[in-house]
4 protein chains.
Amino acid sequence: GKRPGGPAAEGGGVAGLLRRLGRLEDSRERAAELFRWLLAPVSPREFAARRWERAPLLVRRGEPGYYAGLFSTAELDAALRSGEVHFGAHLDVTSYAEGVRETHNPAGRALPAVAWDFYQNGCSLRLLCPQAFSATVWQFLSILQEHFGSMAGANAYLTPPGTQGFAPHYDDIEAFVLQLEGKKHWRIYSPRTEAEVLPQFSSANLTQAELGEPMLEVVLEAGDLLYFPRGFIHQGDTLPDAHSLHITVSSYQRNSWGDLLENLLPAALQMALEEDVEYRQGLPMDYLGYMGVAHSDVVDARRTAFVEKVQNLIKKLIDYAPIDAAVDQRAKSFLHDCLPPVLTQSEKALSVYGFPARWQDGGTRDVDILITKDTEVRLLHYGIIRLCNEEAGVMLYYTTENSRVYHKEEPKSLEIDPEYTDSIEFLLSSYPNHVSVDTFPCETLEDKISLATFLFEKGILTTRKPLVQV
Amino acid sequence: GKRPGGPAAEGGGVAGLLRRLGRLEDSRERAAELFRWLLAPVSPREFAARRWERAPLLVRRGEPGYYAGLFSTAELDAALRSGEVHFGAHLDVTSYAEGVRETHNPAGRALPAVAWDFYQNGCSLRLLCPQAFSATVWQFLSILQEHFGSMAGANAYLTPPGTQGFAPHYDDIEAFVLQLEGKKHWRIYSPRTEAEVLPQFSSANLTQAELGEPMLEVVLEAGDLLYFPRGFIHQGDTLPDAHSLHITVSSYQRNSWGDLLENLLPAALQMALEEDVEYRQGLPMDYLGYMGVAHSDVVDARRTAFVEKVQNLIKKLIDYAPIDAAVDQRAKSFLHDCLPPVLTQSEKALSVYGFPARWQDGGTRDVDILITKDTEVRLLHYGIIRLCNEEAGVMLYYTTENSRVYHKEEPKSLEIDPEYTDSIEFLLSSYPNHVSVDTFPCETLEDKISLATFLFEKGILTTRKPLVQV
Amino acid sequence: GKRPGGPAAEGGGVAGLLRRLGRLEDSRERAAELFRWLLAPVSPREFAARRWERAPLLVRRGEPGYYAGLFSTAELDAALRSGEVHFGAHLDVTSYAEGVRETHNPAGRALPAVAWDFYQNGCSLRLLCPQAFSATVWQFLSILQEHFGSMAGANAYLTPPGTQGFAPHYDDIEAFVLQLEGKKHWRIYSPRTEAEVLPQFSSANLTQAELGEPMLEVVLEAGDLLYFPRGFIHQGDTLPDAHSLHITVSSYQRNSWGDLLENLLPAALQMALEEDVEYRQGLPMDYLGYMGVAHSDVVDARRTAFVEKVQNLIKKLIDYAPIDAAVDQRAKSFLHDCLPPVLTQSEKALSVYGFPARWQDGGTRDVDILITKDTEVRLLHYGIIRLCNEEAGVMLYYTTENSRVYHKEEPKSLEIDPEYTDSIEFLLSSYPNHVSVDTFPCETLEDKISLATFLFEKGILTTRKPLVQV
Amino acid sequence: GKRPGGPAAEGGGVAGLLRRLGRLEDSRERAAELFRWLLAPVSPREFAARRWERAPLLVRRGEPGYYAGLFSTAELDAALRSGEVHFGAHLDVTSYAEGVRETHNPAGRALPAVAWDFYQNGCSLRLLCPQAFSATVWQFLSILQEHFGSMAGANAYLTPPGTQGFAPHYDDIEAFVLQLEGKKHWRIYSPRTEAEVLPQFSSANLTQAELGEPMLEVVLEAGDLLYFPRGFIHQGDTLPDAHSLHITVSSYQRNSWGDLLENLLPAALQMALEEDVEYRQGLPMDYLGYMGVAHSDVVDARRTAFVEKVQNLIKKLIDYAPIDAAVDQRAKSFLHDCLPPVLTQSEKALSVYGFPARWQDGGTRDVDILITKDTEVRLLHYGIIRLCNEEAGVMLYYTTENSRVYHKEEPKSLEIDPEYTDSIEFLLSSYPNHVSVDTFPCETLEDKISLATFLFEKGILTTRKPLVQV
C-alpha cells in the first residue's frame, strides 16, 4: 500500500504536482523538479545531453490525465465569458487552408457567441497569454522560469477537427508542446541550412514546396510531450474526428552567447577606453588611403599592420570585459520579463501577503510588523531579486510587483544603501536556510531590523514562524 | 401591511435600490430614480430649482443604513488584500496637520500591512477609483452618469479619528458627499469672489487665513448627504472618537456652456469661411496703424468701423453655428468618459453576454445566433450609443467595451453604412419598446437581420425573449 | 527744362525709384509711394475702389525699362554662378505640355551648366525667393510690405520661347505680375463658384476642360503690370519667338477677417469664461436627449431654448472680444514674416549699422556710443516694431534681425520694463519727427539715456546727426 | 640669386603658400605640403616621431609675417560689419578674472559697436567658425583636412592687453596655436593622470589650485606655432602692453582606435551571429546562479568555463570583423564633416564650376557639356569622394555640396549602379593622372560618357582641357 501523504494521496495531474512542489523548501529545487516532471520519464540529464538545442524529443505517456488541471477548453470558455479577452490583444482567430494563412480577428471583446462561431466554422483559436487568465498556468510558468533563467511564456491553441490553423514555419524559441485534449498530427522538419540552425529570428510562413521530408511525424495524444528546438520547421493539423487543445511553453528567446556579447562588448570597449591609452590613441593620419573595401585586395604593409593592430585590440578587450556586470544586466532584464511569484498557502502565511493587518469591527487590527533580532527570515524565493551596481547606485531589482501580463509594469527596483549589500548577499547565500535578523552583517541592530522590515514589507522576505498569531 | 415583493421585501440599502431599479424598463428612468433616491427626501425638482450650482444642500436622514452595501472599509481592506491596489495610481496616503498638507505614497503595491500602518499613524487614505474595485460602485455610477449626461466619478476617503487629511480648497466638480461610516465634521465656505463662482479649475490648497467664516458647519453621520457646487471651499475633519468613511460622487467637470462653445466656435468660423465671402475678404491694408492696444484710446472713425465690422461678423456666426453637430461631438467625448454598463440578470439573459454559446462535453453548443424577422429587439440601454457624422463617415460610438478605469480603452466606434442610419435612429426613438426586426427601415430583410445580428453581437441590442432556450 | 534733382535726374527704373523713396522721411510714405509707382498711372484710390480683391487690372505702359534694375535673367545667371542656389529649395524646373505638368528638380546645387540645359530643353525655371539673391528685390519688398501690412513675397519665372511651365490654377494670394523681359501670353478666368471667390487655399492643377472662356486674354510686354485677385484662374505661355521673365509679387495670404477671428474667438471665449458666470454654468442635464443631429428635425421647446441660449452667448462674446489684443497678435506674426529693413546710406550713417566703432591700427576706435539728453532720435522705420502685452510681460517685437529667408530666424523680441512702454509709444507717435532723449516720458534721465542707447544698439533708433564725426 | 617665378616671387605668407600649393597636381601632396609649412622648420617626420599625441612643440620663427593673410583682427571687424555674425552662434564674449570664468553673450546680431565695447572693457572675443567668414581660412582647412583624414576645425581668439579670457582646461582635440598678431603668454601642463592622457572628452574649467607647475611657459609672438596634444592643460593671457590674436586649428576629435572599434564591434558581432552557430547557442540554464558580481569571488569550475567561453568568443570575433567596411563607415562620416573644396582658378576653369554655360544677350550660350571618348578627365581632388556598400546599394559620398558651416547640409551621396563601381575605383587609382573616358571599365561607350558627364555635372570630375573655348 501507498504511504499516506505520498504522491498518490495528492492526486495526479498538475494540482498534485504543485502540491508536491510546494513542500520543497528551495525554489530552485521546485523549478528543477517541475522541469523533471515535464520531461519524465526522460531525465533532464539525458535531455540536456542529447536533445536541448539539438533535436526534437517525443514523449509518449499513454496517460491522458498527466497534465490534468493545467488548462482546458472549458477554462478558455470561462475566460471568454469573463469579458476580459479581446481579439488581437489576447485571442487570434486563424485558418490555413489550401496554402492560404489568414487571420480573422474582429475588433473588440471576444465574447463566447462570436469566438465559438469562428471555431464552428473551422478556425483555430490561439490564446496568447493563458497565464493572465489561468492561475495554474501562471504558477506553472513562474516556477519553470527560475529553472530556465530565461522568460517562460505560453500560448494555448484550440483547433477544430480536420483543420490546420497555421502555415509551416520555425520559431525563435525552444518549444515544449503539451497536448492537453484530443489529438494532433505533427510534422517536424530539420533546419534547412546552417544559418537556420538556432536562428535569431522566426521565419515567415513557408509553403509546402519549400519543405523537404519531415524528420518526425507523429500524432500527439493527451498527456504527450513534443519538444523541438528553435529553427525546426513544424506544422500541426487535427484528425477528422477529434479537436485538439495544446499549450506551447516557450523559452530562450534572445538568450544566446551572442546576446550576452551584445551587452558585454560596448561595456568592455568603454572600460578599455578608460583604462588603456592604446585605445585612445589616434588612428594613422593616412589610413583612409589604404583601408576600406576598395583597397581590400591591395597588398600593403600598412594594411597588414593596421589589421593586426585592430585584431590585437579586439583580443585585448578580453582583459577589460566586465562579464559579471554584463550578466547582472541580463539578470535585470530577465527579472523584468519574469512572472510574479505565486505563493503557496504556507508562504503566504509567512509573508507580508498573509500578514493579518486588517480592518475589523470599525478599526485596524494586528497592524504592527514586529521583527526583532531573533526573528528568523529568508528570501521568499531565490530567483526573485538581483543586485546590480549602476551609476545611480546599488539597485535591488525584484519580481514581486511584476504583472501577469508581459512588461505591463516597469522594471521594479529599490535603491539600496551600499552598506546593506552584504546583508542581501548573505540572504542569497543562506537561502533556503533561515537566518536570524541578528546575524545580518549590518553595523547596528537598528539597521538589521530596519532592513528586514523593509524587505518584509516589499514581500521579499518570509519569516520562519508567522509574525502574529491570529 | 406591505405587499410582498414591494420595496421592503427587497431590503433597504443600495442592494435593494439596485434591485428596484432593475425592474424599470427604461435606463433613463432608472437613472432618474437613482438620482431621486440620492437626494430623498428632497425632490429633484426642488434641488434643481434651489441648490444645483447655487448652494450646498444638507440631507440628514437619521438612517445609518441608507447607503448600506455601496462601499465599506471592509471592502477597502479586501481591495488591498487583492494586491491590485498601487500607491499613487489608486491610493493616496495624505495628512494635514498644523497647516501642512503632505502626501506619503511609497512606491509600488499597497499591501494591507503598509496601508493600515499609515492609517494607524494618523494618515488619511484616498481610494481614487473605487468603481474599479467595487462592482456596486461601478453599477451605481454607470446608472447615474446617464442622468447627468456627464461623467460621474468617485473617490472614497477613510480618515482616522481626530485628524484631517486635506487642506481647505475648492474643486472644479459638483460634489455629493455620501457618509458611509462614522462621522465627519465639515465646514463649507461660499466662493470668495465672482470669479470663483462655478470655477473652471480647482484651487490650490488654501490656508486658514485665506478663509472667512463658514457658511455651513455640520457633523455628517452615516446615511447623510452633503452636496456643494464647484467653487465652494470645504474642509472636513474627524471627531476624536470616530473614524469616517465617505464617498464623494462628482460630475460636471468641464461641462458648461463655455465648454460647448469651445467646440462650436471653430466649427462655426470654418463654416462661415466656407459659405460667406465676407469672412474671406482681406483686412484693411492700414489696420495695423490704428488698431492694437497702443491705439485703443485714440478716437478714429476707422477704429469704429473696424470694431463694428468685427462685431457684426461675430454676430453673424450665429447663422453658421452647427449647434447639433457640436453637441454630438460632446456626446462622443462623454461616451468615451462613460463607465461600461452593468447588466441586470435579466438583461444578461437577453443579450450576447448571456448567450449560451459554450464549450461542453468536448464540443461547442448553442453557437448560432438565430435572429429572424420576428425577433423583437431593443437597445440594451438608451445612453450607450451615439451616431456622429464625421469626415470618415457615419460613426456609431458605444460604451459597452469601455473600461472601468478612466480612458484605459480608446474611444470605441463602428463605421456604419449610411443606409443603416435610419434603423439606428429608429431603435433610439422606439426605446424602451421592443420592435421586431422586420420593422427596421432597411431595404431588404437580409439587411435588417444582418444589422440586428451585428448589433446583438456587439452587445448593443437585447431581445425580448432569450434567443435560445437552454 | 526739367528741374535739376527731379525725377529725371535720378534716372528711371527701380534704381531711380529707390533713390527718390530714400529721400522721403516717413517709411509709411515710402511704402505708399512705391505702391503708387507699381500701379501708375492707375491711382491707388481707383485700384482700391474697383480692382483690389474684385477684378484683374492690366496696366500697359509701353515703357520697357519701367522695372529696369529690379531683376533680370543675367542676375539669375549670376545667382546660379554663386553656387548658393539649390534645386527644390530655391529653384524649380517645371514643364507643362499636352496637359501634363511635371517637376524635374535633380538633387543638390543648381549650377549654370545644368540649369541652362533644362531651360534649353524647354523647361521653365522658377526662382522661389529672389529676395535672398537680389538686394534690390529685397529692398523693394521690404518697403512694400509696410504698405500691405501683410507679408510681401515674390517668385521669378523664366520661360523659354513657345512653352508653358505651369498648369492653369488659382492661388491663395493677391498677385502682381511684373513683366521684366520678353513677352508672355496670359489667360485669366473668373472664379467658377461663390466658394472659389477669395479662397482660403490654392487650387490643384486644373485641366483645360475644367475652364470656361477666359475673361481676359493679353500679351504682357516688358514694363507692363497684370494684377489679379486670389481665386482667379490663370495660365501663361510664351510666344514662339520670345522668352519671358516676370516676377510675381504676392501678398494677403491668410490675411482675412476670418483669419483675425481665428485669433480673436478663443481669446474672447477665454475672457467671457473668466468674467461672466453665465458661460461657466452647466449645460442642462438632459440636453443630449434632445440636441444633436438625430434630433434636429424634432419640434421641442427645450431645443428652441437651448439654441437661443447658445446664440445669445455667441452674441454676448462681442462684449468680451479683445480686438486690439488680437490685432497685436497678428502684428506680431506679421513682424516675424517681414523681411528685415534695407537701409539707405543716410539711414546707415545715423544708426548703429554705420557707427564707426572699428579695429584700426592694432586697437579699437570710436567705440563709445555717447547718447546724451540732447541727442535727437527717432525710429529707423515706423513698421519695424510692435509692443505686445503677453503673459510673460511686455514684449517688443522687431524685424531688424529677421532673415531674408522666410522664418529662418525665430521671432525676435525684447522684454521691456513696463515703465518704458510710454516712451516706446511716444517714439511711435512722434515718428517721423525726431525727439530729444530728454523728452522721453521716463522717470530719470539715466533711464532715458539707457533706453535710447539700448534701442540704438539694437538698430531700432537712428539719430538726427551722426553720433561720431569720423 | 633666386629664380624668377620661384617661391620668393610669389610673396610670403599664406597667399604665397596657397599659390604654390595650387601648382601641385595631387591634392594629397598639397595637403602634405601645407602640413610641412605649418610645422617648418620642424619636419613632419620628426613631429610624428616625437611630438604628435606625445608632447607639446614650440616653433619660434622670428618671422612675424609667416601667417600673413590667413586671418586678422581687421577681418574680424569686417565680419562684424557684415551683420552675419551672431552672439552665441558665432561669437562668444568671455572673461576670466580672479578665478571666475564668465560668458557675456547678449542675444542677437554682433554689431561692431557692441562687440568692440565688450573688448574695450577687457573681454575676449572668440570667433567660433572663422572658415564661414574668411575664404582663406576655409581654403586652408579644406586642404589640411585631407592630410589629417579627420575634420580640421578652427577658432579665432582676440584678447585685449593684460587679460585672460578662459580658465585653465584641457581639450579633446589636437591643437595647433598659430599666433597671428601681438603676443600671448602660455602655460602648458602635462596630463595629471594616466586617464587624462589623450582623453575622450574635454575637461571642465579648472582652478589654479588643481594645477601643478607648468611643463612649458612661453610668450608666443606673431609667426610662432605652439602645438599640444589633447589632455594637456593650458592657459593663455596677454601682456599689459599688447593684444593677441591667434587661431587654433584642431583635429582628431573622436578619431581613435577605440572610435573605430565602436563602429566595428557591433558589425563583427552581427556577422558572427549570422555565420557561426556557436554565437547563437543558448547560455547555460543555470548561469545566473554562479555568474554576476555577487559571485565574482567564488571559486567554481562553471565560472571558469563560462569566462573562458566568453573570452574565446571575443577572440573569435576577429575572424568576423569587417574592418574595411567599418573604415568606410568612418570615411563616410568624415566626408560629412569635411569642408567643401576650394578650387584654384585653373581647377575652376576645368570643372563644371567654371563651365561657360550662361545667359547672354537674351539667350543661353555654351550650354552643352560635350564629353567624348577622348576627353581626358580626373577627380577634382582625391579626398572628395568615397564608395560605400550599404544595404540600400552602392553609395558614392561626396563633399562638393557640403557647407562651410559644420553639418549644415545633410550627408550628400549618389546611388551608383554597381556596374559603375569599377570605373569609380579606376578614377581613384589613376589620380592624379588624367584618363580618357574611353578607358573607363564600363561595358559600352554610352555608359562611359554618361558616367563621366554625370560626375562632371556634380563637380566631381575635371577635364584636362576646358570643354569649351570661350
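In this predicted model, the contact between chain D and chain C draws 36 residues from chain D and 36 residues from chain C. The size of an interface is often given as the accessible area lost when the parts come together; for chain D and chain C about 3,000 Å² is buried between the two, with 57% of that area on carbon and sulfur atoms. On the side of chain D, the residues that lose the most area to chain C are Arg109(D), Ala113(D) and Trp359(D), which together make up 22% of what that side buries. Salt bridges between chain D and chain C number zero.

Two copies of a chain are related by a rotation about an axis and a shift along it. For chain D and chain C, a turn of 180 degrees with a shift of 0.1 Å along the axis lays chain D on chain C with an RMSD of 0.1 Å, and this is the relation of a two-fold axis. The same surface serves both copies, since 100% of the contact residues of chain D recur in chain C. Among the residues of chain D, the one that comes closest to this rotation axis is Lys408(D), whose C-alpha lies at 6.5 Å.

Chain A and chain D are related by another such operation, in which a rotation of 179 degrees, with 0.0 Å of shift along its axis, superposes chain A on chain D at an RMSD of 0.1 Å. Of the residues of chain A, Lys315(A) comes closest to the rotation axis, with its C-alpha at 2.6 Å. Here too the same surface serves both copies, and 100% of the contact residues of chain A recur in chain D. By contrast, chain A and chain C are joined by no contact, and their closest C-alpha atoms lie 26 Å apart; likewise, no contact joins chain B and chain D, for which the closest C-alpha atoms lie 26 Å apart.

Within chain B, three strands form an open sheet in the order β14-β15-β16, with antiparallel pairing. Strands β14 (385-390) and β16 (413-416) of chain B stand at the edges with a single partner strand each, so that one side of each is left without a neighbour in the sheet. Direction ignored, neighbouring strands of this sheet are turned by 30 degrees against each other on average. Strand β15 of chain B, which spans residues 393-398, is joined to the antiparallel β16(B) by four bridges, and Leu396(B) stands opposite Leu414(B) in β16(B). Two helices of chain B accompany these strands. Helix α10 (residues 323-337) of chain B lies across β14 and β15 of chain B and runs at about 130 degrees to β14(B). Helix α12 (residues 421-430) of chain B packs on the sheet, where it touches β14, β15 and β16 of chain B, and its direction makes about 150 degrees with that of β14(B).

As to confidence, the model scores ipTM 0.89 and pTM 0.91. The mean pLDDT of chain A is 95, and 97% of the residues of chain A reach 70 or more. Over residues 1-9 of chain A, however, pLDDT stays under 50, and for this stretch the model has four contacts beyond four places in sequence.

Note on methods:
Residues are numbered from 1 along each chain as its sequence is written. Chains are lettered from A and ligands numbered from 1 in the order in which they are written. This is a predicted model: local features need pLDDT of at least 70, side-chain atom pairs count only at pLDDT 80 or more; totals for chains, interfaces and linings use all residues. Side-chain values use heavy atoms; hydrogens and water are left out. pLDDT is the predictor's confidence in each residue, from 0 to 100. Contact means heavy atoms within 4.5 Å. Two strands pair if DSSP finds at least two bridges between them. Axes are lines fitted to C-alpha atoms, for helices over the stretch in contact, and angles run from 0 to 180 degrees between N-to-C directions. Copies are superposed by least squares on the C-alpha atoms of residues with pLDDT of at least 70 in both. Buried area is the accessible area (1.4 Å probe) that two parts lose on being put together, summed over both. A salt bridge is a side-chain nitrogen of Lys or Arg within 4 Å of a carboxyl oxygen of Asp or Glu.
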